[in-house]
Amino acid sequence: MAGPQFFTPKSVQPSRPPRRFTLEQANRALPLVKRIVGDIVSTHVKFLTIQEQIEKAGAKDQPILQRDLEVATNHLEDYVDELSEIGCELKDYQSGLIDFTGRHKGRDICLCWKLGEETITHWHETDTGFAGRQPVSTLVEAD
């Protein structure tokens, strides 16, 4: 059996310049972001489950499962759109990884948050991703 397929809706691609957050602004947005990301993670699990069911289902059940998959897809796209409206970007559907664009020393950085974390405690350069996370204590809020 193939591994899980990861869903990436069309709406993930930002259509406008990114909003830039201070650490304080990004942390203030977290209560709403946490709820949306929780919905994304649970809906993504449903999406993957339906995909598995489709692979195993007979022809009779296919139309119903396809409709269920479409509903889950639409919900995921709506949730991602909500995050985009706030100004943050979803990086991973399974772990609930989010980046807020910030500024440090005159360049864009990512303030990095993951579902389950109370506040934003890490950041990374735009080209290093999660593996390059550093503590926010290394940032200077003067930008």
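Start with the largest nonpolar core, a set of buried Ala, Val, Leu, Ile, Met, Phe, Trp, Tyr and Cys residues joined through side-chain atoms within 4.5 Å, where buried means under 20% relative accessible area, exposed over 50% and partly exposed in between, with a 1.4 Å probe and protein chains only. This core has 34 residues, and those with the most contacts inside it include Val 33, Ile 40, Leu 83 and Ile 98. Two or more residues come from each of α1, α2 (62-86), β1 (88-92), β2 (97-104) and β3 (107-114), and α1 gives the most, with 13 residues. Helices (H or I, at least four residues) and strands (E, at least two) are DSSP runs, numbered from the N terminus.

This is a predicted model, in which local features need pLDDT of at least 70 and side-chain atom pairs count only at pLDDT 80 or more, while totals for chains, interfaces and linings use all residues. Residues are numbered from 1 along each chain as its sequence is written, and side-chain values use heavy atoms, with hydrogens and water left out.

Next, select Leu 83, which, leaving aside neighbours within four places in sequence, is in contact (heavy atoms within 4.5 Å) with Val 33, Ile 36, Val 37, Ile 40, Cys 88, Leu 90 and Ile 98.

From there, move to Gly 38 in helix α1, which counts as partly exposed because its relative accessibility is 25%. The C-alpha atom of Gly 38 is separated by 9.9 Å from that of Tyr 79, 41 residues apart along the chain.

Finally, select Cys 88, which is buried with a relative accessible area of 6%, and then Cys 110, which is buried at 11%.
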